[in-house]
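Me: I have a structure to look at and some words I keep meeting. Could you help me see how each word is earned?

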Amino acid sequence: MSRYFSDASFTFLRGLARHNEKPWFAEHKHEYEEHVRQPFLRLIADLQPDLAQVSTHFRADPRTVGGSLFRIYRDSRFSSDKTPYKTWQGARLFHERRKQVPAPSYYIHLAPGESFVGAGIWHPEPNTQRRIRQFIFDNPGSWSAAAHAPATRRRYAFETSEKLVRAPRGFPADFAFIDDLKHRNWVLWRPLDDTVMTGPRLRQSLAADLAALGPFVDYLCAALDLEF
């Protein structure tokens, strides 16, 4: 068993949140590399065999450019928040066809007191939303198994920050999963304690999540005519 992150990882991210400015980051960049970026890249590489056991069409890609790890640098061009850096580090384990068509993904988030793992599709275009809603309506039994199995719902919650107030048009109000059709994002997630992120069984824990979330991701792939 191997450890990836440490208390120093969270110390750096907390410091960055207090001093989100280029001179501070330049002075502490070696800490970012040693305690955040390189450990995360190693974790991504180590998760690829576990992910391949769930689906051969998803990738945990440790490349430093174009891989799974998100950049720490913020794109603030169209934001009122002009701070240059994210105060967290995230990685997306993506479908091999992600650049061709909308696709679900797995996601791992590292942040002091706010780490989590999840899977699903985030901010899909309206046409993609319509396809998923129609697929849920047409296939409610397999949706129940993929998203509402008791073991799944005990461990994971739906991300609900962006939902329609009313059900979308064209669906009967008495549909069993009418509330699920209100989602704009279809994501299941669970928080990860700091002690889990810094502990020796992080990879094993995340590997179990990849497998447990597999049926949910498989369903979304089916809705979008993607291989799983």
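**How the words are earned**

Me: Why is arginine 155 called partly exposed?
Reply: Good place to start, and keep in mind that this is a predicted model. Arginine 155 has a relative accessible area of 39%. Partly exposed covers the range between under 20% and over 50%, so arginine 155 is partly exposed.

Me: What makes aspartate 209 count as buried?
Reply: The relative accessibility of aspartate 209 is 0%. Buried means under 20%, so aspartate 209 fits the word.

Me: How do you know that the side chains of aspartate 209 and arginine 155 meet in a salt bridge?
Reply: Their N to O distance is 3.4 Å, and the cut-off is within 4 Å. The two partners come from distant parts of the chain: aspartate 209 belongs to helix 7 (residues 202–212) and arginine 155 to helix 5 (residues 150–155), 54 residues apart. There is also a network of salt bridges here, linking Arg155, Arg190 and Asp209.

Me: What makes aspartate 225 and arginine 131 a salt bridge?
Reply: The reasoning is like before: their side chains meet at 3.2 Å, N to O, and a salt bridge needs a distance within 4 Å.

Me: Why does this pair tie together parts that are 94 residues apart in sequence?
Reply: Aspartate 225 sits in the segment after helix 8 (214–223), while arginine 131 sits in helix 3 (residues 126–138), so the bridge joins those two parts.

Me: Are these two partners exposed, partly exposed or buried, and how do you know?
Reply: Aspartate 225 has a relative accessible area of 60%; exposed means over 50%, so aspartate 225 is exposed. Arginine 131 has 32% relative accessibility and is therefore partly exposed.

Me: How do you know that aspartate 61 forms a salt bridge with arginine 63?
Reply: Their closest N and O atoms are 2.8 Å apart, and the limit is within 4 Å. Aspartate 61 has a relative accessibility of 12%, so it counts as buried. Arginine 63 has a relative accessible area of 47%, so arginine 63 is partly exposed. In total, the structure holds 10 salt bridges.

Me: How do you know that lysine 86 has no salt bridge?
Reply: The nearest side chain of opposite charge belongs to aspartate 75, and that is 9.3 Å away. A salt bridge would need a nitrogen within 4 Å of a carboxyl oxygen, so lysine 86 has none, although this lysine is buried.

Me: What does the side chain of lysine 86 reach, and at what distance?
Reply: The backbone oxygen of arginine 71, at 2.7 Å. Lysine 86 lies in the loop between strand 1 (58–59) and strand 2 (89–95). Beyond neighbours within four places in sequence, the residues in contact with lysine 86 include Leu16, Phe70 and Tyr73.

Me: Why does the radius of gyration agree with that of a compact globule?
Reply: For 228 residues, a compact globule would have a radius of gyration near 17 Å, and the protein has 19 Å, which agrees. The C-alpha atoms fill a box of roughly 60 × 45 × 35 Å along the principal axes.

Me: And what of the protein as a whole: how many helices and strands are there, and what share of residues counts as buried?
Reply: The protein has eight helices and six strands. Of the 228 residues, 45% count as buried. The exposed area is about 11,700 Å², with carbon and sulfur atoms supplying 51% of it.

Notes. Residues are numbered from 1 along each chain as its sequence is written. This is a predicted model: local features need pLDDT of at least 70, side-chain atom pairs count only at pLDDT 80 or more; totals for chains, interfaces and linings use all residues. Side-chain values use heavy atoms; hydrogens and water are left out. Helices (H or I, at least four residues) and strands (E, at least two) are DSSP runs, numbered from the N terminus. Buried means under 20% relative accessible area, exposed over 50%, partly exposed in between (1.4 Å probe, protein chains only). Lys and Arg count as positive and Asp and Glu as negative; His and the chain ends are not counted. A polar contact is a pair of N or O atoms within 3.5 Å; within protein, one must be able to donate a hydrogen and the other to accept it, and residues adjacent in sequence count only if both atoms are side-chain atoms. Contact means heavy atoms within 4.5 Å. The radius of gyration is taken over C-alpha atoms; the globule rule is 2.2 Å times the number of residues to the power 0.38. Accessible areas come from the Shrake-Rupley method with a 1.4 Å probe; for residues, only the protein chains shown count as cover.
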